[in-house]
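Me: I'm new to this structure and would like a close look at a single part of it. Could you pick a place to start and walk me through what surrounds that part?

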Amino acid sequence: MSAAPTAAPGAVVLRPAPSGLPEVELLPPTIAQAGDPFSWSRVVALVARLERGRPIRIDDLSAALNARHLDWAFSPAVVADVLVQLQANWMADYRNASGIVIEDGPYGTSVTIEDSSRVDPWIVRQVERGLAECRAVLTAFSRRDGTGFDD
């Protein structure tokens, strides 16, 4: 009589998926937060595509983000926080406030992106920087075996 098999660490053997098994690639909903590189990257990637030289309401940006990312919730406050940081980055790089103008208007707060050739390369670098931060967070997460970041 042979001994019953025992479980051993790292001994996961998978067989082919049963016929008709759907892929489970759903993501849980995420509430965008200020200071989060994943939120930052999504907001700035949308800002990169905005029409230049025309005020656009922050509430409309929030709605556009929510329509594009159905598994995310972007509040106007989070969008505004990202825009204020983006404006500060612009001022640090170019020493002027004309590139990204945030102002109150009759229909709410709006942002206007300068219509110049220097905006596109600059904003691409901003998104690249945000994505690098996202990769760093994911790498740190994987090194902690999926545990939190409190330590």
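Reply: Let's start with D59, which sits in helix α2, the stretch covering residues 58-68. Keep in mind that this is a predicted model. Is D59 buried, exposed or something in between? D59 counts as partly exposed, because its relative accessibility is 39%, and buried would need a value under 20%. To get a feel for distances, take D59 and A136: they are 77 residues apart in sequence, and their C-alpha atoms are 30 Å apart in space.

Helix α2 also leads us to the part I'd like to look at closely, helix α3, since α2 is among the elements that cover the buried residues of α3. Helix α3 runs over residues 76-94, which makes 19 residues. From the first C-alpha to the last, α3 reaches 26 Å, close to the 27 Å expected at 1.5 Å a residue. Right after α3 comes R95, with a positive phi near 60 degrees.

Which residues of α3 are buried? They are V78, V79, V82, L83, L86, Q87, N89 and W90. Besides α2, the cover over them includes α1 (37-47), the strands β4 (100-105) and β5 (108-113), and α4 (119-143).

Now for the rings. Searching the whole structure turns up three aromatic pairs. One of them is W72 with F74, a stacked pair with 5.4 Å from centre to centre and 15 degrees between the planes. W72 counts as buried because its relative accessibility is 11%, and F74 is buried too, with a relative accessible area of 2%.

Another pair brings us back to α3: W90 and W122. Their ring centres are 4.9 Å apart and their planes meet at 80 degrees, so this pair is edge-to-face. W90 belongs to helix α3 and W122 to helix α4, so the pair ties together parts that are 32 residues apart in sequence. How accessible is W90? Its relative accessibility is 1%, so W90 counts as buried. W122 is also at 1% relative accessibility, and so it counts as buried.

The ring pairs don't stop at those two residues: they link W90, Y94 and W122 into a cluster. Y94 has a charged partner as well, because the charged end of R118 counts as sitting over a ring when CZ is within 6 Å of the ring centre and within 35 degrees of the ring normal. Here, that charged end is 4.6 Å from the centre of the Y94 ring.

Notes. Residues numbered from 1 in each chain as written. Predicted model: local features only at pLDDT ≥ 70, side-chain atom pairs only at ≥ 80, totals over all residues. Heavy atoms only, no water. Helix = DSSP H or I, 4+ residues; strand = E, 2+ residues; numbered from the N terminus. Buried < 20%, exposed > 50% of the residue type's maximum accessible area, 1.4 Å probe, protein only. Expected span 1.5 Å × (residues − 1). Contact = heavy atoms within 4.5 Å. Phe/Tyr/Trp six-rings, centres within 6.5 Å; stacked < 30°, edge-to-face > 60°.
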